[in-house]
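Dear colleague,

I am passing on to you the structure that follows, together with an account of what was found in it. Please read the text with the structure open beside you.

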Amino acid sequence: MAGFRSLARQVRDPGSDTALRRYSLRKCLERFAPYGHRATWDHLCRRHGFGPEDREADPRRLVAALDELEAARAVWLAYEREFADRRRREKHGGLRRPGGLDEWHRRIWGGNGVARCDDPAHHPTEPLPEVVGRLVEALRRGPGEHCPVCEGPRIEWRSELRDEPWFGPVCEDCGVLIPRAVLTPRALARTRGELSPRLASVA
């Protein structure tokens, strides 16, 4: 089975026919697809101006889409190296049991679905490297109250998602399934409707 870099070379190969180059780009998403396969493909098609089923897409557009995907992958792989180094130091220091963030990270090793979007047509519009970079910064700084990708406050707990983990907090603004470890306990409770509404003050 071809790896990401081998498939990327096929996308850039001017001697290959356009259909094969498009197919190779699509196969790259089996190795790295931040929003999940279908949502990432939809994002690349929209941003770079070719149709989801267009077998004769302009090769320059395919390469531009690949450039964006590769740049996002580089951001994520740098974080994975940082994560692996940290875990080695923790184990050396006697901390063997991983935390909640580590459990989430193990499930998406390689970055496939790191900012999963349950609805393939509802995902961030910014370039992938920017979105992945925002998520990485949130992972580094710790829990917050809002979506780490778009800073939106409208987060809803959904219990019937299309893919694993099947449930979790989803940003209603950008569509990203938010890692629970980057939300404070209060923010998580709010998404589940566990916080009582504040009583209005009486003048």
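D118 sits in the loop that runs between α5 and α6, in what is, as should be said at once, a predicted model. With a relative accessibility of 17%, D118 counts as buried, because the cut-off for that word is under 20% relative accessible area. If neighbours within four places in sequence are left aside, the residues in contact with D118 are L161, R162, D163 and G175.

The loop between α5 and α6 also holds H123, which is buried at a relative accessible area of 8%. The side chain of H123 is joined to that of D42 by a polar contact of 2.7 Å. Beyond the neighbours within four places in sequence, the contacts of H123 take in Y35, A39, D42, H43, R46, C117 and C174.

For the overall picture, the protein has 203 residues, and buried residues make up 43% of them. Its secondary structure comes to 7 helices and 2 strands, which follow one another along the sequence in the pattern α-α-α-α-α-α-β-β-α. Taken along the principal axes, the box filled by the C-alpha atoms is roughly 70 × 50 × 25 Å. When contacts between residues at least 6 apart in sequence are considered, 61% of them join residues that are at least 24 apart.

Helix α2 spans residues 18-28, and the buried residues in it are T18, R21, R22, S24, L25, K27 and C28. At the start of this helix, a side-chain oxygen of D17 comes to within 3.0 Å of the backbone nitrogen of A19.

You may wonder how many disulfides a search of the whole structure finds. The search finds 0, and two of the cysteines may serve to show how this comes about. For C150, the closest cysteine sulfur is that of C171, at 3.5 Å, which is too far for a bond because a disulfide requires the two sulfur atoms to be within 2.5 Å. For C174, the closest cysteine sulfur belongs to C147 and is 3.7 Å away, so that this pair too is too far apart for a bond. As to their surroundings, C150 counts as partly exposed, at 29% relative accessibility, whereas C174 is buried, with a relative accessible area of 6%; C174 has already appeared above among the contacts of H123.

The largest pocket has a volume of about 290 Å³. Its lining is made up of 20 residues, and those that lie nearest the centre are W104, R107, I108, P165 and L177. Two elements, α5 (100-107) and β2 (168-171), each supply at least two residues of this lining, and α5 gives the most, with 5 residues. By kind, the lining residues divide into 11 nonpolar, 4 polar and 5 charged.

Three further loop residues deserve a look. E151, in the loop between α6 (128-141) and β1 (155-158), has a positive phi of about 65° although it is not a glycine. Such a value stands out because most residues other than glycine have a negative phi.

W166 has its place in the loop between β1 and β2, where it counts as partly exposed at 45% relative accessibility. Not counting residues up to four places away in sequence, W166 touches R158, S159, E160 and L161, and L161 is also one of the residues in contact with D118. The C-alpha atoms of W166 and A84, which are 82 residues apart along the chain, are separated by 26 Å.

V182, finally, lies in the loop between β2 and α7 (185-191) and is buried, with a relative accessible area of 4%. Again not counting residues up to four places away in sequence, V182 touches A138, L139, G142, P143, G144 and P148. The C-alpha atom of V182 is separated by 25 Å from that of E68, which stands 114 residues away along the chain.

With kind regards

Note on methods: Residues are numbered from 1 along each chain as its sequence is written. This is a predicted model: local features need pLDDT of at least 70, side-chain atom pairs count only at pLDDT 80 or more; totals for chains, interfaces and linings use all residues. Side-chain values use heavy atoms; hydrogens and water are left out. Buried means under 20% relative accessible area, exposed over 50%, partly exposed in between (1.4 Å probe, protein chains only). On a 1 Å grid over the protein atoms alone, a cavity is a set of points where a 1.4 Å probe fits but cannot get out, and a pocket is an open set with protein on both sides within 12 Å along at least five of seven lines; lining residues have an atom within 4 Å of a point. Grid points are joined across faces, edges and corners, and a volume is the space filled by probe spheres set on the points. Helices (H or I, at least four residues) and strands (E, at least two) are DSSP runs, numbered from the N terminus. Ala, Val, Leu, Ile, Met, Phe, Trp, Tyr, Cys and Pro count as nonpolar, Asp, Glu, Lys and Arg as charged, and the others, Gly among them, as polar. A polar contact is a pair of N or O atoms within 3.5 Å; within protein, one must be able to donate a hydrogen and the other to accept it, and residues adjacent in sequence count only if both atoms are side-chain atoms. Contact means heavy atoms within 4.5 Å.
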